[in-house]
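Dear colleague,

I am handing over the structure below, and I would be glad if you kept it open while reading the notes that follow.

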Amino acid sequence: MAGMNAEQQALMDTDPRWTARVNLYHAGGGGATGNDSLGCRPVPMRTIATDPRYIPRRTRVFIPETVGMRMADGSIHDGYWYASDTGGAIKGQKIDIFTGQGRGSMQPAMRFNQRRLTLVDAGRFDGCPPSWDAQPSQSTLMASAATSVGSQ
């Protein structure tokens, strides 16, 4: 896929560690409220809830199918998600993706709902999942990818 940095491409080429059935969840209207199981505010399109016996909390997960997903604000998803939540109904090979505030926040990821996706272990993270504001801009990612390709 165009615009991926070297780390993303390496993860795409890795044998997947897990697969999981995906469910979407949102805040408001009977959806998620409050903090996740790490005590952090869930980050839309970053936070996932997992069974910690299957995917441990604080695992950074790369989901190749979500790379390039156009989000509501027009930005493009980089495929990275953060296992920082758990839930009583999440058992085994199942994850819940937090989409944001209200049912409309689910629209960009709706095609993934109730599907089995590929999950690659992309390491661990400390603290809370990063907000989108803390992520490099798409132009920075493209420049990084171009530099990586040019140096090989």
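Which handedness does the link of Cys 40 and Cys 128 have, and what is the angle about the S-S bond? Please bear in mind that this is a predicted model, and that within it the link is left-handed, with -80° about the S-S bond. The two sulfur atoms are 2.0 Å apart, and a search of the whole structure finds 1 disulfide. Cys 40 sits in the loop between β1 (18–27) and β2 (47–49), while Cys 128 sits in the loop between β6 (116–124) and α2 (138–150), so the disulfide ties together parts that are 88 residues apart in sequence.

The two partners also have their own surroundings to consider. Cys 40 has a relative accessible area of 3% and is therefore buried, the cut-off being under 20%, whereas Cys 128, at 43% relative accessibility, counts as partly exposed.

Turning to the strands, 6 of them close into a barrel in the order β1-β5-β2-β4-β3-β6, with mixed pairing, and the twist from one strand to the next averages 50°. Within this barrel, β1 and β6 pair in the antiparallel sense over 4 bridges, and Trp 18 stands opposite Leu 119 in β6.

Finally, helix α1, made up of residues 6–13, lies across β3 (59–62), β4 (80–85) and β6, and runs at about 80° to β3.

With best regards

Definitions and conventions. Residues are numbered from 1 along each chain as its sequence is written. This is a predicted model: local features need pLDDT of at least 70, side-chain atom pairs count only at pLDDT 80 or more; totals for chains, interfaces and linings use all residues. Side-chain values use heavy atoms; hydrogens and water are left out. A disulfide is a pair of cysteine sulfur atoms within 2.5 Å. Helices (H or I, at least four residues) and strands (E, at least two) are DSSP runs, numbered from the N terminus. Buried means under 20% relative accessible area, exposed over 50%, partly exposed in between (1.4 Å probe, protein chains only). Two strands pair if DSSP finds at least two bridges between them. Axes are lines fitted to C-alpha atoms, for helices over the stretch in contact, and angles run from 0 to 180 degrees between N-to-C directions. Contact means heavy atoms within 4.5 Å.
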